[in-house]
Amino acid sequence: MTLDGVLAWLERGGGDDVTRALVNLTESDRKALGPKARGWLTRGNPTRIPSNHAALAVLATADGWRQAMVATTHGFGFERSEFFECASAILKARDPGWLPEFVTGLLDDGGTWNWCLVRSLVRADAVAKPDHPEYYRGTVRGVPDYTRDRRPLIDRLDADPGLIGNHLLGMVSTEGTGRLLAYHDKFEEGAHYVSDSAAMAARTWRVTLLVLSQEERLDRGRLLDAVLAAPLRDWASADLAWYVGMHDALAPTLDEIAERQGTYVRLLTVEHGPSVKLAQRELLRLMPDPRFEAEPFLAASQAALGRSDKATVSAHLRLLEKLAKAHRNVSITDTVRIASEHTRADVRDQAAKILARLGAEPTRPAVGPRFVAVDPEVRPPAPRLEPVGSADELAEVLLGLLEEIDAVELERAIDGLLRLADERPATADLLLSRATAADLYDGDPRIAARILACAWLLPRARVRDGYWSVVLGATGFPSVPAATETFVGAIGRRLTEIAHAVQGGGHVSVALPTSADFSLDATELNRRLREVRRSRPIHEMELLIALLRVPTGARASVVVPRSLRKSRAIAQARAGRVPSWSRHVALDQRSSWEPERRIPLFRDDHEEGTGAATGILARSTPERTVGAETTYGEYIPRFEQTLGLGAALLPHDHDVLAAHAHPYLHRDLRKDRACSVPVIDAIARARSSNGPPSSSAIVLALAAQDARGRTAAQDAVLDLARYGVLDGHELGRQTALLLTDDIVVGQRISSGLTECARAGDAAVLPILDALQEIVRILPDRRDAGAFLELAADLVERTGRTIELPTEFGELAAGKATSMVAKAARRLLKP
Amino acid sequence: MATTTDEQTYTYVRPSELTFGGGRADLMLATSGGRTAAGPAAHPVFFDGFLGHPEQAAAALLAVAKVARTRYYMPPGMVAAILRAADPVVTSNGDRLRFESFSACCGVYARYDALPGSLDGNVLDTGTTNVDFNPPMRDALARIGGLEPLHLQVGEDVVVRTLDTEVTEKKVPLPERWLKGFAEVQLASAAVAPAFEVAASEARRFIRSMPSSGSRKPVWVVPAGRGLRITTRPTPDAVSLSGLDRLKPLEPMLRFARSLRAYAAPHDPQGATGVWELGLDDARLVLALSPESSRGFSGEGGVLWDLADEQSADDADLISALLAFEPRIDTARLATESGLAEDRVTRALGRLGAAGRVGYDAAEAAYFHRELPYDADRLATMHPRLRDAIALVDAGAVRLDGDTAHVRSGAAEHVVRRTADGDDRCTCPWYAKHKGARGPCKHVLAADLVRKRRA
C-alpha cells in the first residue's frame with residue numbers, strides 16, 4: 001500500500017482497516033509518516049485524520065519509547081476500547097525493543113488511558129505483566145466506564161477475567177489505592193443522576209469485591225488479610241478510610257477474627273483512629289472466646305491508652321474492664337494507670353473509677369502547676385530605630401524592600417527619601433534598573449519600594465503628575481485599587497503622597513518612629529518641628545501620622561506649625577478623643593451561590609475621619625465599605641505585609657486599628673493563610689486595656705482557620721495579660737457576642753484559651769473573667785463542654801468561683817454523665 | 001532554577017526481607033556500595049545479632065524510611081514528585097548502628113541511632129552503606145510486635161548469595177540539591193545548642209495537639225509551664241518550626257518515647273534549623289528540620305566561608321586520613337594526632353561534613369565518621385556559589401576600592417560594602433532577600449577571596 005493509501009485509510013477507515021494499513025507499513029513509509037503523525041498531535045492537524053488515528057500512526061512509526069509517548073500525551077478521543085485493541089495489535093506486530101520502557105513510561109505518567117493501553121498490551125501478550133504500582137492502582141479508574149456504560153462493575157471485570165484474583169488483591173494492597181477506591185465509591189454512591197440505586201451500589205468496588213468473594217471467585221481470606229494489612233503500613237490516613245468500610249462490609253466471622261487475632265491486636269497500636277476502633281470492636285467480640293490471648297492485647301493496649309482522643313481511650317478502658325470481668329486471672333491495673341495521665345479530666349475520672357472497682361490504689365494525680373497570682377510586668381522598651389545615614393545606605397534599604405517589605409525598613413526608607421531626596425547614591429543605576437525591572441502584580445506592597453526608588457532617582461523633568469500612584473489591596477480583574485476612604489486605601493494614599501513629595505524634593509521628614517514598636521517621643525517630634533525652616537513644607541498626612549505615633553496623653557504637648565494649625569485632621573489627632581464604639585453585624589453575600597456571611601463591624605459614633613485622616617483616624621461608616629474591603633488583597637500573596645504597614649500607623653490606637661482590620665480578620669476564619677497576624681501583633685503591644693474592637697479582633701483571630709493566626713492571638717492574650725492590660729470581661733463579652741451571632745467556631749476559642757491558661761499564671765484570672773461572661777450564653781450550645789471544662793480546671797487551680805446559669809445547676813443536680821454535666825458539678829462543688 | 005540530576009544505581013544481592021518463624025522475626029537488610037574501614041565495598045556486612053526493643057526498632061526504621069519517601073513541601077507548579085525515594089543509609093560505628101534518610105523536598109533529615117544497649121550480637125565491620133527498604137519488607141516491619149525477638153542482619157555473605165541469586169538493581173535520580181542538602185544538614189546540626197527537654201507525656205500532648213496544617217511561615221516552640229507551646233514571636237530561647245506537619249514522623253514513635261529534646265540553631269527571626277530528638281529505650285530518633293519548609297538544606301551556605309579558606313582543604317585531607325568510623329570524633333585527640341590547632345580541626349571537619357564524610361550527633365555534641373555512599377567527586381564539587389565566586393575572581397571581575405569592592409557579574413556591577421562591624425553588604429538580590437542568613441553571596445565570597453590573596 002502506498003503512503004497516500006495509508007493516509008486515506010487514516011482519514012476515513014475503521015479501526016481494523018487502519019491497524020492493517022499501519023502494521024504493513026514499509027520502512028520508508030514509516031520514516032515518512034512518523035514526523036507527520038507526531039506533528040498532527042503536537043503542532044496542529046491540518047488534515048481530516050482523527051486524533052486517535054493519528055495516535056495509532058505515532059505508535060506505528062515511533063523510533064523509541066519517548067516518541068511513542070506523544071500518542072498518549074498529545075492524543076485524545078480514546079474513549080472507545082477499539083483504540084486500545086488497535087494500539088496493542090500494532091505494537092505487538094511491531095514488537096519494538098523499547099516496548100517495556102514504553103510501558104514503564106505510560107505507568108509513570110499515570111492516567112486512565114495509559115492504564116487501559118498497558119492492560120490491553122498485557123492482555124494481548126505483547127508485554128509481560130509489569131511490576132509497577134500504577135498497574136495495580138490504575139485498575140480503580142481503568143476498569144469502570146464513567147461515560148456511557150452504567151452496568152455493574154462486575155460485568156466489566158467479566159469482560160477482562162484475567163483481573164479477577166491476584167490482580168485485584170494486588171490492587172487493594174498497593175499504596176495510594178485506598179483514596180482512589182474511596183473517591184470512586186463515593187462518586188458512584190452519590191451519583192444522583194442515576195435513578196436505580198441498586199445499580200449504583202453494584203458499581204462500587206466495595207460491593208464488587210464483596211460479591212466476588214461471596215461467589216468464591218476471589219479468596220475471601222486473602223482479601224480480609226489485605227484489608228487488615230493496610231492500616232498497619234505507613235500509608236497516609238487518607239488512604240485508610242476505605243479499608244475500614246471494606247472490612248465492615250466483609251463482616252468477618254468469629255473464626256476469622258480468632259485466626260487473625262495478632263493482626264487485630266497490632267491494629268490497636270496504629271495512628272489511624274477508625275482502624276483502632278475497628279480492632280476494639282472485633283476484639284470485644286472475641287474476648288469471651290477461649291482463643292482470646294490477653295497478654296498481647298494488654299501490651300498493645302498501652303498504645304491505645306496513650307492516644308490523645310477521648311473516644312478511643314474511653315472505649316478502650318471499657319474494653320479493659322470487660323477483659324477483667326471475662327478473664328479474672330488477668331491484671332489490668334498497670335495498663336489502666338496509663339489513662340490516669342490523660343489530658344481529659346473525664347478520662348482520668350473513668351480510669352480512677354475502674355481502679356477503685358478493682359480495689360487498686362488510685363494513681364496519685366500529677367501535681368499540676370500551682371497557681372501563683374503574679375503582678376503585671378513592666379513592658380521593656382522597644383529597640384531604638386536608627387535613621388539611614390547616607391544615600392548609599394538608603395539605596396541598600398530600598399534594594400532590600402524590593403525583595404521583602406518590612407514595615408520598620410519602609411519607615412526608615414520614607415524618612416531617608418524625604419531627607420535625602422536631592423542626593424544620589426553610588427548604586428543609583430543598579431537600584432533604578434532593579435526597580436524598573438521588578439515584575440510585580442498590582443497590589444503587591446513591593447510596588448511601594450519600586451515607585452519610591454523611581455521617584456527618587458528618575459529625572460524630575462521626565463515624569464508627569466499621577467505617575468507615582470501606589471495601588472494597594474487591588475482586587476478583581478482588571479485590578480481596582482482600594483477605595484481611598486478605606487484603611488488599605490489610606491495606606492496607598494500615604495505612600496503615593498510620599499512618592500510625590502520625594503519627586504518634588506524639599507519636604508521635611510517628621511514621622512519616623514523613634515522605636516521599633518512605631519512609637520514616637522513627643523519631645524523628639526517637637527524637636528523635629530522646631531528645626532523646620534519656613535521654606536520647607538511639612539506634609540499634612542506625615543504630621544498626622546507623626547501625631548498618631550505619639551502616645552495619646554502626650555499628643556496635646558506637640559506644638560503644631562502655624563501652616564497646619566487649621567487642619568481638622570491634625571486637630572482631631574491632637575485631641576486624642578476616646579472613640580465611642582457601636583457594634584453591628586453586616587450581612588455579606590458576594591455571589592448568589594455563596595453562603596451569606598455575617599461580618600462584625602465597629603463604628604466610631606463620635607469621630608469622622610476627614611481630610612488627611614480619612615480612612616485612618618476613625619471608622620465612621622464601615623457598613624459602606626465592608627463589602628469591598630473583604631475582597632482587598634484576597635489573591636495577593638503579600639497582603640499580610642500591606643496590613644503590617646497599616647499597623648505601623650496606629651501604634652497607640654489599637655481599637656481603631658482593630659476596627660479597621662475586622663473585614664480581614666473575618667476573612668481569616670475561612671482562609672488557610674491568615675493575613676491579619678501583624679494587626680494582632682500590634683494589638684499585643686497595646687499599653688492600655690483592650691476595648692470592644694480589640695477584644696473582638698483577638699477572638700476572631702483565636703478562631704482563625706490558619707494555625708499561625710490562632711497562635712498569634714494566643715500570644716496577644718498572653719502578652720496583654722503579662723503586662724496587666726488584658727480586660728478579661730471585655731474579651732468574654734465579645735466572645736459571647738460572636739458565638740451568639742454564629743460567626744466563630746467555639747471549639748477553636750476554647751482550645752486557644754486552654755493553651756493560654758496552660759502557658760502561664762498571668763493569663764489565668766483574666767481568662768476566668770472571660771469565661772464568666774461566656775458561660776451566660778452556653779446553655780443549649782454543643783460547644784459548652786470545652787468551655788465549662790476549662791472553667792472547672794481554672795476554678796480548681798485558683799480557688800476562685802464562677803457563677804453558672806441555672807440550667808447548668810439543674811444539669812449538675814441530675815444524673816447526666818455528659819462532659820457538660822461533669823464539668824458543671826466540678827464548678828458547683830463547694 | 002536549573003538543577004543537575006544524576007542517577008544513583010543501587011545494586012543489591014537480593015531484596016531485603018523480613019521473615020517470621022521459630023518465635024522470632026529475622027530482618028535481613030541487603031546492602032549496596034559504600035565504604036568500610038578497609039575501603040570501598042560493594043556489599044558491606046556490618047552486623048549480625050538481635051536488636052533490642054523490637055517493636056520500637058521496627059517503628060523507628062519505618063519512620064526513617066517514611067521520611068525518605070515524603071515530600072513535605074511541593075513547589076508551586078510541580079504536579080508530581082519527580083524524585084523516587086532514595087534508600088536509607090546505614091552506618092556502623094562499631095558500638096552502634098545509625099540509619100539515616102533525607103526527604104525528597106530536601107528539608108527533613110531523619111536518623112535512628114540504635115545505641116549500644118539495643119544491640120546484642122556481632123559487629124562485623126564499621127563503615128557506611130545503603131540498605132534496601134522495599135515495600136514488602138516495610139509491610140512486614142509493621143507487623144512486628146513487642147513480644148517476639150528481632151534478629152537483624154545488615155549485609156550478608158555475598159559469595160554464597162551470588163552463586164544462586166539474581167542481583168537486584170534499582171536506579172534512583174538524585175538531584176544535586178538533594179545530595180548537597182544531605183551533606184549540609186550535618187553542618188546545620190553542628191551549629192545547634194540544646195534548647196529544652198520535656199517528659200514523654202508532654203511530648204505526646206504537644207505533638208498530638210499540633211494543628212494538622214498551618215502556613216509555611218516559621219513559628220517558634222517555647223517551654224510553657226510544664227510543657228511546650230507554639231508562638232509566632234521569634235525569641236532567642238525558642239526553636240524554629242516551619243511546616244508543622246514536618247514533626248509528624250515522630251508521632252508513631254511517641255508511645256515509646258522517654259523524652260523529647262530540642263536543639264536550636266543561632267537565633268534568626270526569619271527561621272533557623274531545629275533539631276528534635278526523641279529519647280527511646282537504648283535508642284534515639286532525630287529529626288533535623290530546615291529553617292523553612294519551602295527551603296531545603298542545600299542552599300544554606302553556612303560552610304562557604306570555610307570552603308573558601310584554602311588552608312582548610314589541606315587540613316581536611318589530613319584529618320580524613322585519621323578517621324576510622326568513630327561513633328564520636330574527639331577533636332582534641334585529632335588535634336594532637338594531626339598537630340593542628342583545635343579550631344582548624346573543627347573547620348576541617350566542617351569541610352568534610354560538606355562533602356558528606358562526617359555526620360553530626362547533637363546529643364553527643366560531636367561529629368561521627370560516616371561517608372555518604374554517593375559519588376564522592378560530585379559531593380566535593382557541589383557548591384555553586386563558591387564555584388561562581390572563583391570564576392569571578394579568575395575573570396578579574398573584582399575591583400577593590402578601600403573597604404568597598406565592585407564585582408561585575410553579567411551586565412550588573414554589584415557593590416560589596418564592608419561595614420564598621422566587619423559585615424559585608426552586597427547590592428545583589430540574594431543579599432537583599434537573605435541578608436547573609438543563608439551564607440555569603442558569590443560577590444561577597446569573590447571579594448573576600450581577592451582580599452585574602454592580596455593580604
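## Chain A at a glance

Of the 830 residues in chain A, 47% count as buried. Keep in mind from the start that this is a predicted model. On the secondary-structure side, chain A has 44 helices and 2 strands.

As for overall dimensions, the C-alpha atoms of chain A fill a box of roughly 95 × 90 × 45 Å along the principal axes. The radius of gyration comes out at 36 Å, where a compact globule of 830 residues would have one near 28 Å. If you look at contacts with a separation of 6 or more in chain A, 71% of them are between residues 24 or more positions apart.

## A buried glutamine in chain A

Let's zoom in on A:Q641, which sits in helix α34 (residues 639–647) of chain A. Is A:Q641 buried or exposed? With 22 other C-beta atoms within 10 Å, A:Q641 is buried, because the cut-off for that label is 20 or more.

Who are its neighbours? Leaving aside residues up to four places away in sequence, A:Q641 touches A:I405 and A:P445. There is also A:V677, 36 residues from A:Q641 in sequence and 9.4 Å from A:Q641 in space, C-alpha to C-alpha.

## Where the two chains meet

The contact between the chains draws on 38 residues from chain A and 41 from chain B. On the chain B side, several elements each put in at least two residues: the helices α1 (54–68), α2 (135–141), α5 (200–208) and α12 (429–434), plus the strands β15 (219–224), β16 (227–231) and β25 (412–418). By residue type, the side of chain B that touches chain A splits into 16 charged, 13 nonpolar and 12 polar.

Two of those contributors, β15(B) and β16(B), belong to a small sheet described next, and α1(B) turns up again with another sheet after that.

## The three-stranded sheet of chain B

In chain B, 3 strands line up as β16-β15-β17 to make an open sheet with antiparallel pairing. The edges are β16 and β17 of chain B, each of which pairs on one side only. From one strand to the next, the twist averages 40 degrees.

How many bridges hold β15(B) and β16(B) together? There are 5, in the antiparallel sense. These two strands form a hairpin with 2 residues between them, and B:G225 in the turn has a positive phi of about 60 degrees. For reference points along the pair, B:A224 has B:G227 in β16(B) as its bridge partner, and B:V222 stands opposite B:R229 in β16(B). On the other flank, β15(B) and β17 (residues 239–241) of chain B run antiparallel, joined by 3 bridges. There B:V221 stands opposite B:V239 in β17(B).

## The five-stranded sheet and its helix

Chain B also has an open sheet of 5 strands in the order β2-β3-β12-β6-β10, this one with mixed pairing. Its edge strands are β2 (17–21) and β10 (119–123) of chain B, each pairing on one side only. Here the twist averages 15 degrees from one strand to the next.

Within this sheet, β6 (residues 47–51) and β12 (residues 150–154) of chain B pair in the antiparallel sense over 5 bridges. One of the matched pairs is B:G49 with B:L152 in β12(B). The helix α1(B) packs on the sheet and touches β3 (24–29), β6 and β12 of chain B, with a direction about 45 degrees from that of β12(B).

## A two-faced helix in chain B

Which residues of helix α11 (residues 384–394) of chain B are buried? They are B:R385, B:L386, B:A389 and B:L392. Viewed down the axis of α11(B), these buried residues fall within an arc of 120 degrees, so they line one face of the helix. That fits the usual geometry: an α-helix has 3.6 residues a turn, so residues three or four places apart point the same way.

The face of α11(B) turned away from that buried side carries the exposed residues B:R387 and B:D394. Among what covers the buried residues of α11(B) are α6 (304–308), β23 (398–401), β24 (404–409) and α13 (442–454) of chain B. Just after the helix α11(B), B:G396 takes a positive phi of about 70 degrees.

Definitions and conventions
Residues numbered from 1 in each chain as written. Chains lettered and ligands numbered in written order. Predicted model: local features only at pLDDT ≥ 70, side-chain atom pairs only at ≥ 80, totals over all residues. Buried ≥ 20, exposed ≤ 12 C-beta atoms within 10 Å, placed from the backbone. Helix = DSSP H or I, 4+ residues; strand = E, 2+ residues; numbered from the N terminus. Arc of directions from axis to C-beta. Contact = placed C-beta atoms within 7 Å. Rg over C-alpha atoms; globule rule 2.2 N^0.38 Å. Nonpolar A, V, L, I, M, F, W, Y, C, P; charged D, E, K, R; others polar. Pairing = 2+ DSSP bridges. Axes fitted to C-alpha atoms, helices over the stretch in contact; angles between N-to-C directions.
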